[in-house]
Amino acid sequence: MSEKFVVANWKMNGSEALIATFAPALQQGLAAMNGRGAPRVAVCPPAPFLHAMAGRLKGSAVQLGAQNVHPEPEGAFTGEVSAHMLAELNVAVCIVGHSERRQLFGEDDEFIRAKLMALHQVAIEPILCVGETLAEREAGEHEAVVWRQVHAALRGLEVPGDLTVAYEPVWAIGTGRTATPAQANEMHALIRRVLSEQFGDDAAARIGLLYGGSVNAGNAGDLLAQPQIDGALVGGASLKPDAFLAIIHHAKR
Ligand code: PGA
């Protein structure tokens, strides 16, 4: 991948007031990089703020992202949002399979696969999150777990379409503890192999692989310099425009 991709995952944080300051600051920061290899950037606010964020980002290259989707197109699913609804809001990317959804909301591989297929149908690019827990890593199962998660989510898909995969070791999310650049690169290489098996080498090479888990301005440079790391999925450090822009700077070509 020639262009890096940096994604803000606001999780259940933020407000219209934050969007009003964050969006212009982000656009100004990116404009200042103009013509100097600015990476692809997306921001995923909570669903109630998608519309406000879309308005504030209008005319900029920053893409709008959602954090979740329900696989069904419509129906009696109180509290849920469908892929069609996200498409109407001009959502370009959507996080699926985040470890918080897997752990706190009981989402399994099959449900994640169904979400991915629903996004595929409306041409919203999924950002498929995978990653092992600390116990799985300590038991030496990290490669098997991630292999299974990628494989299960993509089962039956013949062409990847627009797809991004994020490796987020659960023990590194919000903990201040990151995988070392070498550990992350190794896991990304494994994910690339799974993608190659399914889609062939050329298609697999075009799929962006993001690292996520306590990425900040201090560690982003080393992580993004790894050959298999095509970008970052940023949680905590994406809530402040300065901190997020500093990470984006490290992703410049
Ligand atoms: P973090 O979150 O950067 O706060 O660790 C990353 C994520 O969960 O996507």
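**Exercise 1. The main core**

Which residues have the most contacts inside the largest nonpolar core, and how many residues does this core have?

*Solution.* Before we start, keep in mind that this is a predicted model.

Step 1. Begin with the count: the largest nonpolar core has 70 residues. Those with the most contacts inside it are Leu26, Leu154, Ile191, Leu195, Tyr211, Phe244 and Ile248.

Step 2. Now look for the element that gives the most to this core: helix 8, residues 181-199, with seven residues.

Step 3. Turn to a second, separate core. That one has 11 residues, including Ala42, Ile95, Ile127 and Leu233.

Step 4. A general rule helps here: in soluble globular proteins, nonpolar side chains tend to be buried together.

Step 5. Pick out Leu26 and list what it touches, leaving aside residues up to four places away in sequence. The partners are Val41, Val43, Val62, Phe244, Leu245 and Ile248.

**Exercise 2. One side of a helix**

Find the buried residues of helix 11 and work out where they sit around the axis.

*Solution.* Step 1. Helix 11 spans residues 241-250, and its buried residues are Pro241, Phe244, Leu245, Ile247 and Ile248.

Step 2. These residues cover an arc of only 155 degrees around the axis, so they lie on the same side of helix 11.

Step 3. The spacing rule is worth recalling: an α-helix has 3.6 residues a turn, so residues three or four places apart point the same way.

Step 4. What covers the buried residues? The cover includes strand 1 (5-9), helix 1 (16-32), strand 2 (40-44), helix 10 (220-224) and strand 8 (231-234).

**Exercise 3. Around the ligand**

How many residues surround the ligand, and which are the closest?

*Solution.* Step 1. There are 13 residues around the ligand, and the closest are Lys11, His98, Glu168, Gly174 and Ser214.

Step 2. Next, go through the polar contacts with oxygen atoms of the ligand. A polar side-chain atom of Asn9 is 3.3 Å from one such oxygen, and a polar side-chain atom of Lys11 is 2.7 Å from an oxygen of the ligand. From Gly174 the partner is a backbone N or O atom, 2.6 Å from a ligand oxygen.

Step 3. Consider the surface. Taken alone, the ligand exposes 280 Å², and the protein buries 95% of that.

Step 4. Look again at Lys11, which is found in the loop between strand 1 and helix 1. The phi of Lys11 is near 50 degrees, a positive value in a residue other than glycine. As a general rule, most residues other than glycine have a negative phi.

**Exercise 4. Two serines in loops**

Decide for Ser214 and for Ser238 whether each counts as buried or exposed, then trace their side chains.

*Solution.* Step 1. Ser214 lies in the loop between strand 7 (208-212) and helix 10. Ser214 counts as buried because its relative accessibility is 19%, and the cut-off for buried is under 20%.

Step 2. The side chain of Ser214 reaches the backbone nitrogen of Gly176 at 2.8 Å. Among the residues that Ser214 touches are Ile173, Gly174, Thr175 and Asn219.

Step 3. Ser238 is in the loop between strand 8 and helix 11. At 0% relative accessibility, Ser238 also counts as buried.

Step 4. The side chain of Ser238 reaches the backbone oxygen of Gly235 at 2.7 Å. Leaving aside neighbours within four places in sequence, Ser238 is in contact with Ala8, Asn9, Trp10, Phe22 and Phe244.

**Exercise 5. Apart in sequence**

How many residues apart in sequence are Pro45 and Trp10, and what is their C-alpha to C-alpha distance?

*Solution.* Step 1. Locate Pro45 in the loop between strand 2 and helix 2 (50-57). With a relative accessible area of 1%, Pro45 is buried.

Step 2. Pro45 and Trp10 are 35 residues apart in sequence and 5.2 Å apart in space, C-alpha to C-alpha. Trp10 is one of the residues that Pro45 touches.

Step 3. Try another pair: Ser2 and Arg206 are 204 residues apart in sequence, with 9.2 Å in space between the C-alpha atoms. Ser2 is in the segment before strand 1, and Ser2 counts as exposed at 61% relative accessibility.

How values were computed
Residues numbered from 1 in each chain as written. Predicted model: local features only at pLDDT ≥ 70, side-chain atom pairs only at ≥ 80, totals over all residues. Heavy atoms only, no water. Buried < 20%, exposed > 50% of the residue type's maximum accessible area, 1.4 Å probe, protein only. Helix = DSSP H or I, 4+ residues; strand = E, 2+ residues; numbered from the N terminus. Arc of directions from axis to C-beta. Contact = heavy atoms within 4.5 Å. Core = buried A, V, L, I, M, F, W, Y, C linked by side-chain atoms within 4.5 Å. Near = heavy atom within 4 Å. Polar contact = N/O pair within 3.5 Å; in protein donor to acceptor, adjacent residues only side chain to side chain. Areas by Shrake-Rupley, 256 points an atom, 1.4 Å probe, with all protein chains shown as cover.
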